[in-house]
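Morning, everyone. Please have the viewer open, and follow along as I talk.

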Amino acid sequence: MMFFGFGGRRRPAYHGGGGSRFEHTYRCYPASSAARPHLETGDKVLLPASALHRLASLRIDYPMQFELRGCSNANAASGDANDATGGATAAAQASDPRTSHCGVLEFVADEGTVVMPGWMMENLRLRAGDAVRVRSASLPKGTYVKLRPHAAAFLDVSNLKAVLEKTLRAFSCFTTGDTIAVAYNNRSNRVDIVEMRPATAVSIVDTDCEVDFAPPLDYREPEKPQQPTASPSEAGDDDAVAKDDETPEFRPFTGSGKRLDGNASELQAASEAPSTIAARSAAHSDSNGRGKKQQTSSVAPAASGASSSSARQKTGKLVFGSRPRLDA
């Protein structure tokens, strides 16, 4: 949002005889046909000298400002019967006449004609030679204007405020619904007047006006990327991949300790299942049973050996450690 000060020389009101309203119908022609291309950079028109004499006798506020309204042109509708565009323009003009406002630059136009900018004729849906009614107007000072450029590139102009201040000095009034031409860098940029305050038509001479911008006509909202919907099987695969990609959680002291004597530690024994403990106890008892059997089997041969040796000692004739007897 920016603030602009539009300056201009304001003349005192002229108090003369006659009425207080100027109104006349002229034939309009574009500035290009009158070799006045500088008119395209503002909202000023050229009127004939007779209009100046008429205005001098009226009570007119300065700067002079006028209301322009297209008139139904029967000649344009009937004379160009073969021109479909001309017929459509005349029909649209007759059904919905447009209204705009302008200032006056000079009184040098041919009698019965008014020379105006081409963009102004487009707003009024007029062609060269069409009739337009020119009527004097007194407009309030504008305090707010909302503009909408046709191209987003216009907002990228370096020092846009200075460009607008220089361009809008050539304008004396604004009308809601008009499309003005802002010349910059050898280009004519079209800008719509969207909103005005305090009225639909205001004067911008000697006033501080707040200027705001609406989104350009060619502006497009950025499209949000659409995520493709996956089938249930693909969703399951994605979940499995996501689980595989998950980083394992760090848990300290999760290992198991061992004792020097080979037995299980208390934590390991507490964490083992009862079935495992029962299996180990059964295996341990089996091993103890086998050991006892082995010891019994080893003792039994030893005992049998001892008994056989004692039997041999009883039946033997040699006794060690005894003195032999001598028979007489």
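I'll go through the core, one methionine, a strand and a pocket.

A word of caution before the tour: this is a predicted model.

Let's begin inside. The largest nonpolar core has 46 residues. Which of them have the most contacts inside it? They are L47, F66, M116, F174 and I180. Now look for helix α5, residues 160–168. This helix gives the core its largest share, 4 residues.

Pick out I180 from that list. Set aside its neighbours within four places in sequence. I180 is then in contact with W119, L168, F171 and F174. Further along the chain, I180 also contacts N189, R190, V191 and I193.

There is a second core, separate from the big one. This one has 5 residues. Among them are A31, L39, L46 and V115. Remember V115, please.

Next stop, M64. Where does M64 lie? Look in the loop between α1, residues 49–56, and β4, residues 65–70. Is M64 buried or exposed? Its relative accessibility is 10%, so M64 counts as buried. The cut-off for buried is under 20%. And what does M64 touch, beyond residues up to four places away in sequence? The list is L55, C102, G103, V104 and F107. Here is one more pair to find. M64 and S172 are 108 residues apart along the chain. Their C-alpha atoms are separated by 9.1 Å.

On to the strands. Find β2, residues 23–30. β2 has a partner in β7, residues 131–137. Those two run antiparallel, with 5 bridges joining them. For a landmark, H24 stands opposite V134 in β7. β2 also pairs with β6, residues 113–116. That pair runs parallel, joined by 4 bridges. Here Y29 stands opposite V115 in β6. So there is V115 again, the residue from the second core.

Last, some empty space. How do we find it? Rolling a probe the size of a water molecule over the atoms shows where empty space is left. Take the second largest pocket, which holds about 160 Å³ of space. Which residues line this pocket? They are T41, V163, K166, T167, A170, A183 and Y184. By type, the lining divides into 4 nonpolar, 2 polar and 1 charged. Both α5 and β10, residues 179–184, supply at least two lining residues each. α5 gives the most, with 3. That is the helix we met in the largest core.

That's my tour. Over to you.

Definitions and conventions:
Residues are numbered from 1 along each chain as its sequence is written. This is a predicted model: local features need pLDDT of at least 70, side-chain atom pairs count only at pLDDT 80 or more; totals for chains, interfaces and linings use all residues. Side-chain values use heavy atoms; hydrogens and water are left out. A nonpolar core is a set of buried Ala, Val, Leu, Ile, Met, Phe, Trp, Tyr and Cys residues joined through side-chain atoms within 4.5 Å. Buried means under 20% relative accessible area, exposed over 50%, partly exposed in between (1.4 Å probe, protein chains only). Contact means heavy atoms within 4.5 Å. Two strands pair if DSSP finds at least two bridges between them. On a 1 Å grid over the protein atoms alone, a cavity is a set of points where a 1.4 Å probe fits but cannot get out, and a pocket is an open set with protein on both sides within 12 Å along at least five of seven lines; lining residues have an atom within 4 Å of a point. Grid points are joined across faces, edges and corners, and a volume is the space filled by probe spheres set on the points. Ala, Val, Leu, Ile, Met, Phe, Trp, Tyr, Cys and Pro count as nonpolar, Asp, Glu, Lys and Arg as charged, and the others, Gly among them, as polar.
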